[in-house]
Amino acid sequence: MDLATSSLSSPALAKTFTRARPIRRRTWQAHYAALLTVVDAVVVVAAVFGTQVLWLGPLPTGVSAVPIDYTTVSALLSLAWLLALTLWGTRLPRVIGHGVAEHRLVLAASVQLFGLVAMAAYLSGIDLSRGYFLLSLPAGTVTLLAARTACRSWLVARRRKGAMSARVVLVGSADENARVAGEIARQPGVGLTIVGLHPLDADQGQGWTDGHARLLRSRLGELDADSVLVTGGTHLDAHDIRRIGWGLEPGREHLIVAVNLTDVAGPRIHTRPVAGLPLVHVETPQYSTRQKVLKRAFDIVGSGLLLIALSPVLLVLAALVRLSGPGPILYRQERVGQGGIRFGMFKFRSMVDGADARLSELLAQQGRDGTPLFKVANDPRITPIGRILRTYSLDELPQLFNVLLGQMSLVGPRPQRDAEVAFYDDDARRRLIVRPGMSGLWQVSGRSTLSWEDAIRLDLFYVENWSLVGDIVILFRTVKAVVAPGATAH
């Protein structure tokens, strides 16, 4: 990665600028879209024809009122489904690899297609088998979403290695470039690889000059970059940004403008052009009655089912804790919950009896008694069984009872002690708006390796941008973190 900067009077500039333009090549988006086309075709054909065989048998009869058989209907339905996925833009470069947005379009295309087919069959009097019709829709849609998720996971893994990403040159002041580069570095799977910087400093004058344009054109060619990311507006106005866009090769090179908004999720941001101004509307975070009821229902059903399914595991873990030494099986610790209300959080005991009395001493020995996160490195109070429980987060399972009682949620900011809450500033206190959770965004984003500031930032992002889909994603990531805890589990 070349992050060196170049002077506007570089002696190599003329030679570089007159170099022939690179040959247009097929982008990674085109390759990935082709992969998705193949995957979609396999899933749709398997779902539709598999349903036909399962419901109607290997030799189905013809469709009443029309001179065609079900094999022809399945072929036409498969083609229409694939066409709908194309028309709804599920493989467009601005959509692919963006998770929720991609899944929403796949779901919309599938449901609306089958709605149109159902209306057409009803109006034309064609009597399609209801079982064949109603089974192929959910089976195919769920499988499509699962296949897209698998493709997305593969894409993220490739991006973490630097492949299948936009090669970006940052344009802005040094501070703006550093801020955006830091945010991108936090998410290596987003598909942006920074290959160069084009700094705009005060001593170089204000605005975008022809010299800047020539140098940027040169650097894009040298670095084989395909995107320019304008990181701020300190030295650039709207006309300057337009000029940058005019200098890019249409279809191959792209202009990205960073809005000075961080930790705001996409559903809250809407761009509406008004009188030629691209106004960005940011919705104020709010929790409607519907959202509250939905989240609480999800918690009750989820925790109830998990308690039933994991009851044998809970009994085995309780027996192991009892054998680990004297002391209670369950450890109850006072934590601060929603609205600052205190409650007793349950855990399987993972330390020796009376461990709390030694906390202040151990923190002082390690010089951490004045820090917000009361974590003791290489804690000598943890029992051998407790260390295993903590590594795989099994000591947290009794908190399912806290969720069932309404004191906690399956997903939310982790509940903290009074002494830790004492470190909160006005921003951090927004964590207390929602119920604390068994798992949260910062737990699946680095666990104990994150700093206090990063943990608070991720929790606030969750509070400001809550969605049920987001909770489900975090729970899936939690299961992955528990099964393969890595070096961040303590």
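Biologist: How far apart are the end C-alpha atoms of helix H16 (residues 468-483), and which span should its 16 residues have?

Modeller: In this predicted model, the expectation for helix H16 rests on 1.5 Å a residue, which for its 16 residues should give a span of 22 Å. The end C-alpha atoms agree with that expectation, since the distance between them is 23 Å.

Biologist: Over what arc around the axis do the buried residues of H16 lie?

Modeller: The residues of H16 that count as buried are Asp471, Ile474, Thr478 and Ala481. They sit on the same side of H16, because the arc that they cover around the axis is only 80 degrees.

Biologist: Which exposed residues does the face of H16 turned away from its buried side carry, and which elements do the buried residues pack against?

Modeller: On the face turned away from the buried side of H16, the exposed residues are Phe476, Val479, Lys480 and Val483. The buried residues of H16, for their part, pack against two strands, S9 (409-411) and S10 (437-439), and against two helices, H9 (289-309) and H15 (452-464).

Biologist: Helix H15 also holds Asp459; with which residue does the side chain of Asp459 meet in a salt bridge, and how many residues apart in sequence are the parts that the pair ties together?

Modeller: The side chain of Asp459 meets that of Arg431 in a salt bridge, with 2.7 Å from N to O. Because Arg431 lies in the loop between helix H14 (418-421) and S10 while Asp459 lies in helix H15, the pair ties together parts of the chain whose separation in sequence is 28 residues.

Biologist: Are Arg431 and Asp459 buried or exposed?

Modeller: Buried means under 20% relative accessible area. Arg431 has a relative accessible area of 4% and therefore counts as buried. Asp459 has a relative accessible area of 1%, so this residue, too, is buried.

Biologist: Which parts of the chain does the salt bridge of Arg148 and Glu102 tie together?

Modeller: The side chains of Arg148 and Glu102 meet at 2.6 Å, N to O, and both residues are buried. Since Arg148 belongs to one helix and Glu102 to another, the pair ties together parts that are 46 residues apart in sequence, namely helix H5 (residues 130-160) and helix H4 (residues 100-124).

Biologist: Where do Lys347 and Asp395 lie, and how far apart are their closest N and O atoms?

Modeller: Lys347 is in strand S8 (residues 342-348), whereas Asp395 is in the loop between helix H12 (384-391) and helix H13 (399-404), so that distant parts of the chain, 48 residues apart, are linked by the pair. Both Lys347 and Asp395 are buried. The closest N and O atoms of this salt bridge are separated by 3.6 Å.

Biologist: How many salt bridges does the count come to, and which residues are joined into one network?

Modeller: The count of salt bridges comes to 11. Some of them share partners, and in this way one network joins Asp40, Arg91, Glu102 and Arg148.

Biologist: Is Ser227 buried or exposed, and which residues is it in contact with beyond its neighbours within four places in sequence?

Modeller: Ser227 lies in strand S3 (residues 227-230), and because its relative accessibility is 3%, Ser227 counts as buried. Leaving aside neighbours within four places in sequence, the contacts of Ser227 are Ala166, Arg167, Val168, Val169, Leu220, His254 and Ile256.

Biologist: What percentage of the residues of the chain count as buried?

Modeller: The secondary structure of the chain consists of 16 helices and 10 strands. Of its 490 residues, the share that counts as buried is 42%.

Methods:
Residues numbered from 1 in each chain as written. Predicted model: local features only at pLDDT ≥ 70, side-chain atom pairs only at ≥ 80, totals over all residues. Heavy atoms only, no water. Helix = DSSP H or I, 4+ residues; strand = E, 2+ residues; numbered from the N terminus. Buried < 20%, exposed > 50% of the residue type's maximum accessible area, 1.4 Å probe, protein only. Contact = heavy atoms within 4.5 Å. Expected span 1.5 Å × (residues − 1). Arc of directions from axis to C-beta. Salt bridge = Lys/Arg side-chain N within 4 Å of Asp/Glu carboxyl O.
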